[in-house]
Structures are given as C-alpha cells and as structure tokens.
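These are my notebook entries on a structure I had not looked at before. I began with the chains as wholes and then went on to the sheet, a single residue and a pocket.

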Amino acid sequence: MNIIKQMAIIIGISLALGILNNIINPNGIAWVGTYKSVDDVSGIVADANAEEAVPADTSSTADNSDSILPNFDTEDVKIYEISLERAYKLYETKQAIFVDARYPADYEQGRIPGSINLPNDMFEDYYPDVGMLIGIDDPLVIFCSGPGCDLSALLADNLRYLGHTKLMIFEAGYPAWKAAGYPVEGAE
Amino acid sequence: MEKITNFLKHPLTLVVCRWVLGLIFIVASIYKIAAPAEFARAIYNYQILPDILINPIALVLPWIELICGIFLIVGFYTAGSIRLVTAMLVVFIVALSINLVRGVDIDCGCFSAGSGEGNAITQAIDTITILTMGEGGLSSTLIRDIIWLLMAIPVLIFQDRWLSIDQWRRSKKLNEHA
C-alpha cells in the first residue's frame with residue numbers, strides 16, 4: 001500500500017508540474033494534438049514514367065535525360081513516388097533539387113551532397129530561409145529516413161500547399177541511398 | 001551463485017545502480033520537458049498510441065522521469081520510484097521491439113529529437129552506446145534499455161538504502177521508538 005501511495009504521489013506531482021509547465025513554457029503544446037499521417041495526404045501517385053525511364057541502356061543520352069522527370073501537371077499537382085535508381089538518375093543529371101525532410105541533427109550527421117535540409121517538423125522556422133533556395137517550379141526530390149518515415153510525404157504536401165508544383169518523393173530515403181553506395185557527405 | 005547475490009545486494013552496488021539510473025532519467029527528461037512538440041512527434045512516430053494520448057503523455061511522462069530520477073539519487077520514495085522507472089523501461093523496451101519487428105528506423109526520442117544533439121552527458125551516453133554496441137540504431141538502443149532494466153532489478157529486490165533519505169528517515173523513526 002505504501003509503495004502504491006508513493007507511486008501515486010510521484011505521478012500526481014508530475015501531472016501538476018506537467019500542467020503548470022505547459023502553461024508557462026513558451027514551447028507549450030495543445031493537450032490534444034492533431035497528427036496528420038501520410039494517409040491524409042492526397043494525390044500521391046506512383047510515377048507512370050518510372051518503368052521506361054530507369055533502364056540504363058541509354059540509347060540517346062540527351063533525349064533520355066529529358067524524359068526522366070514525371071509529366072508534371074501544374075493544374076492538379078500530384079506527388080510522384082519515384083524509385084531510388086530514378087532519384088539517383090535525377091541527381092546525376094542535376095534535374096532536380098534534393099530536399100531532406102529529416103531533423104537537422106540527422107542531416108548534419110550524413111547527407112546527400114547538395115541536398116537542402118528542410119525539416120518538416122520545423123517547417124515554419126525553416127521555410128522562410130530555405131524557401132529562397134528553391135523556385136516554385138523547380139523539380140524537387142524529397143526524402144527522409146526510409147519506409148515508415150512520413151516526413152517526406154508531409155513535407156511534399158506542405159510545399160504543394162505553398163504552390164510548389166513539381167514534387168517527387170523517394171520512399172527508400174537516405175539509408176537506402178547510403179547503402180547503395182551513392183555519394184554522401186557529413187560527419188559519419 | 002552466492003557470490004553474485006552478495007554482489008547484487010551489496011549497499012554500494014545498490015547505490016551505484018540508483019545513481020546511474022537516476023542520472024540517466026534526469027538527463028533524458030530535460031529535452032523532453034523543454035521541447036514537448038519534438039517529443040510528441042517522436043511518440044507519434046512509434047505509431048503505437050492513439051493520437052489523443054500522445055500529447056498528454058509527452059507533457060507528463062518527462063516529469064515522472066525527472067522526479068523518479070531525483071528521488072532515486074537522493075533515495076526518497078525509492079521503492080515507488082524504482083517501480084515506476086522499471087515500468088517505464090519495460091514500456092520503452094516493448095515500444096522499441098515493436099518497431100524493430102516492423103523494420104521501421106525511427107528516431108528513438110530517448111535523449112534528443114535527433115541523434116547527435118544534446119549536452120555532454122547525452123553525448124557521452126550516445127558515444128558509449130556506439131562504442132559498445134555499434135551504430136545499430138534501434139537495436140543498440142534496445143540493448144541499452146535492457147541493461148538499464150537489469151540495473152533496476154537489484155534495487156527492486158533488495159531493501160538496503162545506503163546513502164538515502166529513506167534510510168535516514170527509517171533510522172530516525174527507530175531511534176524515536178527506542
């Protein structure tokens with residue numbers, strides 16, 4: 001009984017301090033949060049061009065590099081899911097800007113060279129600065145830390161809301177990129 | 001076997017376990033208290049709890065960690081604190097295991113929003129984890145939590161409270177009766 005009382009007192013004090021702190025802490029949050037998941041993001045489509053674009057048998061290099069971007073529809077903006085190989089192709093041919101949706105600490109530890117860090121969870125803090133680097137019509141390849149990480153889809157949705165029209169996500173993300181031996185830089 | 005038991009119930013062992021766990025829980029609570037939104041996002045990423053519970057837990061759990069940590073170090077309400085710490089470790093271990101089985105590489109949200117951040121102590125813990133278990137992500141975090149759980153067990157079982165307020169109160173009470 002004594003032990004249960006102790007635990008109840010500890011939890012009670014914690015509850016009180018939690019409530020109090022959330023009132024005075026400038027970083028306080030709502031008691032009931034709304035969490036948007038990737039399921040709430042509409043218009044994510046597998047890219048129809050993916051199949052013909054990926055093969056490496058480059059018959060005519062110049063033409064082929066034009067065709068590896070999806071057929072973006074600026075009227076009805078979709079978010080195109082692309083494969084890792086396709087992402088690399090876009091990277092190699094510099095046809096898209098790579099946007100890293102992970103936290104800054106992860107980005108600092110290891111990143112795709114030339115990628116821009118726009119952490120989705122700090123979107124409002126970062127976009128005013130980072131947004132200067134990306135044009136509204138620039139093709140963007142957005143990624144985070146692989147399957148199960150929905151930051152890239154959420155970031156794509158946020159960017160679409162702000163008017164960006166050429167959005168791609170590659171779900172395999174940074175871990176797969178690194179595992180594939182593609183270029184990385186950073187502290188790791 | 002007897003030697004092991006004697007080691008585990010040695011007052012010094014119990015004090016060291018209390019202090020290490022207490023320090024870990026205090027350190028772990030600080031970023032969560034300062035940045036509840038990031039901790040809430042980390043809980044969300046585990047994809048275990050319903051949305052409605054995420055923020056209340058993000059707001060209250062770090063305070064339980066902090067108070068239990070302080071109480072373990074000073075040895076006040078030790079029995080209650082160690083049970084809560086054990087319960088929390090079990091919950092963390094279960095949550096990590098679920099996501100390991102799912103094959104999802106999420107940030108554990110243990111000490112900071114992203115890995116590599118934080119103060120000297122959290123960095124030391126990160127470094128020790130990486131040195132001893134490699135960069136295993138969630139799996140090394142899981143092993144780390146299991147080790148901490150093992151450290152909690154002697155304090156759960158054995159009642160010696162050397163260097164604690166509990167002990168001091170107990171002896172004071174005994175003296176009063178004498």
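**Entry 1: the two chains.** I looked up burial in chain A and found that buried residues make up 46% of its 188 residues, where buried means under 20% relative accessible area, exposed over 50% and partly exposed in between, with a 1.4 Å probe and protein chains only. For chain B, I noted that 48% of the 178 residues are buried. This is a predicted model, in which local features need pLDDT of at least 70 and side-chain atom pairs count only at pLDDT 80 or more, while totals for chains, interfaces and linings use all residues. Residues are numbered from 1 along each chain as its sequence is written, chains are lettered from A and ligands numbered from 1 in the order in which they are written, and side-chain values use heavy atoms, with hydrogens and water left out.

I then listed the elements, taking helices (H or I, at least four residues) and strands (E, at least two) as DSSP runs numbered from the N terminus. Chain A has 8 helices and 6 strands, which from the N terminus on run α-β-α-α-β-α-β-α-β-α-β-α-β-α. Chain B has 8 helices and 0 strands, and its pattern along the sequence is α-α-α-α-α-α-α-α.

For contacts, meaning heavy atoms within 4.5 Å, I noted that in chain A 68% of those between residues at least 6 apart in sequence join residues at least 24 apart. In chain B, residues 24 or more positions apart account for 72% of the contacts with a separation of 6 or more.

**Entry 2: confidence.** I checked the scores and found ipTM 0.91 and pTM 0.70 for the model. Chain B averages a pLDDT (the predictor's confidence in each residue, from 0 to 100) of 88, and 92% of its residues score at least 70. Within chain B, confidence is highest in helix 4 (residues 51–74), at a mean of 96, and lowest in helix 6 (residues 120–133), at 73.

**Entry 3: the sheet in chain A.** In what order do the 6 strands of the open sheet lie? I read the order as 1-2-6-5-3-4 in chain A, with parallel pairing; two strands pair if DSSP finds at least two bridges between them. The edge strands are strand 1 (44–46) and strand 4 of chain A, each of which pairs on one side only.

I followed strand 5 (residues 140–143) of chain A, which pairs with strand 3 (residues 97–100) of chain A in the parallel sense over 4 bridges. Here A:Ile97 stands opposite A:Leu140, and A:Asp100 stands opposite A:Phe143. Strand 5 of chain A also pairs in the parallel sense with strand 6 (residues 167–169) of chain A, over 3 bridges, where A:Leu140 has A:Leu167 as its bridge partner and A:Val141 has A:Met168. In a regular strand the side chains alternate between the two faces of the sheet. In strand 5 of chain A both faces are covered, since A:Leu140 and A:Ile142 on one side and A:Val141 and A:Phe143 on the other are all buried.

Strand 3 of chain A is joined by 2 bridges to strand 4 (residues 116–117) of chain A, and the two run parallel. In that pairing, A:Val99 has A:Ile116 as its bridge partner.

**Entry 4: one residue of chain B.** Is B:Thr86 buried or exposed? B:Thr86, which lies in helix 5 (residues 78–102) of chain B, counts as buried because its relative accessible area is 12%. Leaving aside neighbours within four places in sequence, B:Thr86 is in contact with B:Leu149, B:Ala152 and B:Leu156.

**Entry 5: a pocket.** I looked up the second largest pocket, where a pocket is an open set of points on a 1 Å grid over the protein atoms alone, at which a 1.4 Å probe fits, with protein on both sides within 12 Å along at least five of seven lines, and lining residues have an atom within 4 Å of a point. Its lining has 24 residues, and A:Asn120, A:Asp121, A:Met122, B:Ala37 and B:Arg41 lie nearest the centre. Helix 3 of chain B gives the largest share of this lining, 5 residues.
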